[in-house]
Amino acid sequence: MREWEPSGTGSLTYLHALVRRLGTGLCLSLLISCLSLSPAAAIEGGAPARAGDPLARATVGIGTLTQPGETLRLTRCSGVLIAPDLVLTAAHCVNGDPLGALVVFYRGSGPVKPVYVARVAARYSPDPGDLPAQAGGVSLANLSLDLAVLRLSAPVRDRRPVPLSSDPRRVPSALRVAGVGLSGRSVGQLRTAGLVPVAASSTGLTIARVSGARLCLGDSGGPVVAQDRRGRFIWGVASAVITAQAPCGGYVVIAPAAQVFGAAE
């Protein structure tokens, strides 16, 4: 298990100033525009999120700002609220020493104000473990398996965080994923899809088949949840898509949240 220290936070002043100068309404429009211009797509098929769905209310769209060379670049991912001021996503979503991140919540399938500024609090690399023999041909070394936590500039008061799974060894029989981005001709929609686990490693890494939909690059970091008698919980986040033709595919690799956060406590 490896953990990387957070990135520097001095550049967050730039993002705070941007939000203050432009206002949250214009920043939201800017974020949606930039996300829609990204080459990465998101869930194709599935179902638009419902306004009262607790998963949808906790899922976020993340725009990560980097500066390769002389230009600014905003890339898109998904994430989920796990505490009033913390968002869980995929670590590769915040690669490239980001200046910071903009986080937007949704009402149903559409984004709403305000836009939150966030910084990288931690990055983790879970142990992939060993896959069973029936999953032969899948190389764990080639799979993305990553988690990251973002800290919001202010706590969220009107959204309920989703608790994390407490045991990475008990793979649920049914899962659901949420993701933000392009779906057909719709831009910036939050959608959900069912997942059927087909293989799991000794440490909780899960490979699942997407039911009636395909996951794409824009769904990276999207929450994967299950439910038991105690309620809904986060099993992990979408870490990579297994496909013969990028950027979308019918199988997803899930980075197990419980393994990392249980070891980090």
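Four salt bridges turn up when the whole structure is searched, and since this is a predicted model, they are best read as features of that prediction. Three of them are set out here.

| Salt bridge | Closest N to O distance | Relative accessible areas |
|---|---|---|
| E44 and R214 | 2.8 Å | E44 29%, R214 37% |
| D53 and R176 | 3.1 Å | D53 3%, R176 22% |
| R230 and D228 | 3.3 Å | R230 67%, D228 30% |

Let's take the pairs in turn. E44 and R214 come together with their closest N and O atoms 2.8 Å apart. This pair joins distant parts of the chain: E44 sits in strand β2 (residues 44-45) and R214 in strand β13 (residues 213-214), 170 residues apart. E44 is partly exposed, and R214 is partly exposed too.

D53 and R176 form a salt bridge at 3.1 Å. D53 belongs to the loop between β3 (47-48) and α2 (54-58), while R176 is part of strand β10 (residues 175-183), so this bridge ties together parts that are 123 residues apart in sequence. Is D53 buried or exposed? Its relative accessible area is 3%, and D53 counts as buried because the cut-off for that class is under 20%. Its partner R176, at 22%, is partly exposed.

The third pair brings us to a hairpin. R230 and D228 meet through their side chains at 3.3 Å, N to O. R230 is exposed, with a relative accessible area of 67%, whereas D228 is partly exposed at 30%. Strand β14 covers residues 223-228 and strand β15 residues 231-242, and the two pair in the antiparallel sense over six bridges. Two residues lie between β14 and β15 in this hairpin. If you would like a landmark along the pairing, V225 has I234 in β15 as its bridge partner.

Now for the nonpolar side chains. In soluble globular proteins, nonpolar side chains tend to be buried together. Here, the largest nonpolar core has 48 residues, and L88, V103, L150 and L152 have the most contacts inside it. Strand β8 (residues 110-125) gives this core its largest share, namely six residues. Which residues does V103 touch beyond its neighbours within four places in sequence? Its contacts are V60, G61, I62, P114, V115, Y116, A118, L150 and L152. Another core lies apart from the one that holds V103; this other core has 16 residues, including L195, V210, L215 and A238.

On the surface, V198, I242 and Y251 make a nonpolar patch of about 240 Å². V198 is found in strand β11 (residues 186-200) and is partly exposed, at 45% relative accessibility. I242, another member of the patch, falls within the residue range of strand β15, 231-242.

Finally, a look at the protein as a whole. Its secondary structure comprises three helices and 16 strands. Of its 265 residues, 54% count as buried. The exposed area comes to about 11800 Å², with carbon and sulfur atoms supplying 50% of it. Among contacts with a separation of 6 or more, 72% are between residues 24 or more positions apart. The bridge between E44 and R214, at 170 residues apart, and the one between D53 and R176, at 123, give you two places to look at such long links in sequence.

Conventions. Residues are numbered from 1 along each chain as its sequence is written. This is a predicted model: local features need pLDDT of at least 70, side-chain atom pairs count only at pLDDT 80 or more; totals for chains, interfaces and linings use all residues. Side-chain values use heavy atoms; hydrogens and water are left out. Helices (H or I, at least four residues) and strands (E, at least two) are DSSP runs, numbered from the N terminus. Buried means under 20% relative accessible area, exposed over 50%, partly exposed in between (1.4 Å probe, protein chains only). Patches are made of residues with over 30% relative accessible area and no salt bridge: like charges are joined within 9 Å, nonpolar side chains (Val, Leu, Ile, Met, Phe, Trp, Tyr) within 5 Å. Accessible areas come from the Shrake-Rupley method with a 1.4 Å probe; for residues, only the protein chains shown count as cover. A nonpolar core is a set of buried Ala, Val, Leu, Ile, Met, Phe, Trp, Tyr and Cys residues joined through side-chain atoms within 4.5 Å. Contact means heavy atoms within 4.5 Å. Two strands pair if DSSP finds at least two bridges between them.
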